[in-house]
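User: I am a first-year student and would like a close look at a single part of this model. Please take one helix, explain how it sits among its surroundings, and then place it in the chain.

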Amino acid sequence: MAVRLDQLHSSSFQLKYEKKSKLQHSNSQRTSLCINAVSLSAKELVQSGTVRPVFTKDAVSVINNEGFTLLDIRPIWEREKAYVPGSLHVPLFVNDEDNGPINLLKKWVHFGYIGLWTGQKFTTIDPEFLQEVNNLVPDKDAKLLIACGEGLRSLMAVTRLYEGGYKNLGWLAGGFNKAEDDHFPVVEGNEKLQYATIGGASYYFLQLLIILQAVGKKS
């Protein structure tokens, strides 16, 4: 049977396109699996009940009545704004002091896109985090409620602590940002606990919004 040259060329092109599409799809799936593998471990610990999710409205009760100790893993500059008295503090992220040329470029980009707006510094994970927690809480059976600003960094800390042998862990769902004024009746610092993560230009927008809301209520 005769096969036209243009048909052969078309078939060959279609085969190459299908192979390329399958390869791209396979690579996309592989990348997606890698991303999910990083984030799933903490999610699975919470979803399975291995790590207990605790809402901010229930945190004080869990601490006072069930023997949990609040472990604040926020950077020092967030904790200085507002913190819960009696909580332990071991930051998961610390200021990145590497001033090599590549890192300086990363810091410049970070400041331009993130730091200027949020006030967040360029940080790196503290390699001594687990050891520092162990120094404060050597008992691996101790009940620890892990907290940060938004609940994401604390999920990372939960994974590290669980892998390090701590099995009685709680996670403050949503972080301190979800806290209302009566959730933690006693707070030290100059800011409300739920605003301690906010900095940079966004902090001034927040203050302006608070002033406008107060004026609106008076009028």
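Analyst: What follows is a close account of helix α6, then of the chain around it and of three further residues.

The model is predicted, and every value below is computed from it. Helix α6 covers residues 152-163. How far apart should the ends of its 12 residues lie at 1.5 Å a residue? The expected span is 1.5 Å times one less than the number of residues, and for α6 this gives 16 Å. The end C-alpha atoms are 17 Å apart in the model, which agrees with that expectation.

Next comes the question of which residues of the helix are hidden. The buried residues in α6 are Arg-153, Ser-154, Leu-155, Ala-157, Val-158, Thr-159 and Leu-161. A residue is called buried when its relative accessible area is under 20%.

Two of these buried residues, Ala-157 and Leu-161, also take part in the meeting with a neighbouring helix, α5. On the side of α6, the residues involved are Ala-157, Arg-160 and Leu-161. They meet Phe-129, Leu-130 and Val-133 of α5. Helix α5 itself comprises residues 129-136.

How are the two helices arranged with respect to each other? Their axes come within 10 Å and cross at roughly 70°. Angles of 65 to 115 degrees count as roughly perpendicular, and α5 and α6 are therefore roughly perpendicular to each other. The crossing in which α5 passes α6 is right-handed.

The chain just after α6 also deserves attention. There, Gly-165 takes a positive phi of about 110°. This glycine belongs to the loop that lies between α6 and β7, the strand at 169-172. Is Gly-165 buried, exposed or partly exposed? Its relative accessible area is 25%; since partly exposed denotes the range between 20% and 50%, Gly-165 is partly exposed. In space, the C-alpha atom of Gly-165 is separated by 9.9 Å from that of Asn-134, although their positions lie 31 residues apart along the chain.

The helix may now be set within the whole. The chain has seven helices and seven strands. Read from the N terminus on, the elements follow the order α-β-α-β-α-β-β-α-β-α-β-α-β-α. Of the 219 residues in the chain, 32% are buried. Among contacts with a separation of 6 or more, 70% join residues 24 or more positions apart.

Another helix illustrates such pairing across the sequence. Thr-56 lies in helix α2, which spans residues 56-66. With a relative accessible area of 5%, Thr-56 is buried. Leaving aside neighbours within four places in sequence, Thr-56 is in contact with Leu-172, Ala-173, Gly-175, Lys-178, Ala-179, His-183 and Phe-184. The C-alpha atoms of Thr-56 and Trp-171 are separated by 10.0 Å, while the two residues are 115 residues apart along the chain.

Two further residues may be set beside Thr-56. Ile-76 is found in helix α3 and counts as partly exposed, at 42% relative accessibility. From C-alpha to C-alpha, Ile-76 and Phe-93 are 9.1 Å apart in space and 17 residues apart in sequence. Gly-86 has its place in the loop between α3 and β3. At 73% relative accessibility, Gly-86 counts as exposed.

Finally, a word on confidence. The pLDDT of the chain averages 74, and 58% of the residues score at least 70. Over residues 1-39 the pLDDT is below 50, and this stretch has one contact in the model beyond near neighbours in sequence. Residues 103-113 also have a pLDDT below 50, but that stretch has 15 contacts beyond near neighbours in sequence. Where pLDDT is low, predicted coordinates should not be read in detail.

Key. Residues are numbered from 1 along each chain as its sequence is written. This is a predicted model: local features need pLDDT of at least 70, side-chain atom pairs count only at pLDDT 80 or more; totals for chains, interfaces and linings use all residues. Side-chain values use heavy atoms; hydrogens and water are left out. Helices (H or I, at least four residues) and strands (E, at least two) are DSSP runs, numbered from the N terminus. Buried means under 20% relative accessible area, exposed over 50%, partly exposed in between (1.4 Å probe, protein chains only). pLDDT is the predictor's confidence in each residue, from 0 to 100. Contact means heavy atoms within 4.5 Å. Axes are lines fitted to C-alpha atoms, for helices over the stretch in contact, and angles run from 0 to 180 degrees between N-to-C directions. Angles under 35 degrees count as roughly parallel, over 145 as roughly antiparallel, 65 to 115 as roughly perpendicular and the rest as oblique. A crossing is left-handed if the near helix is turned anticlockwise from the far one by less than a right angle, and right-handed if clockwise.
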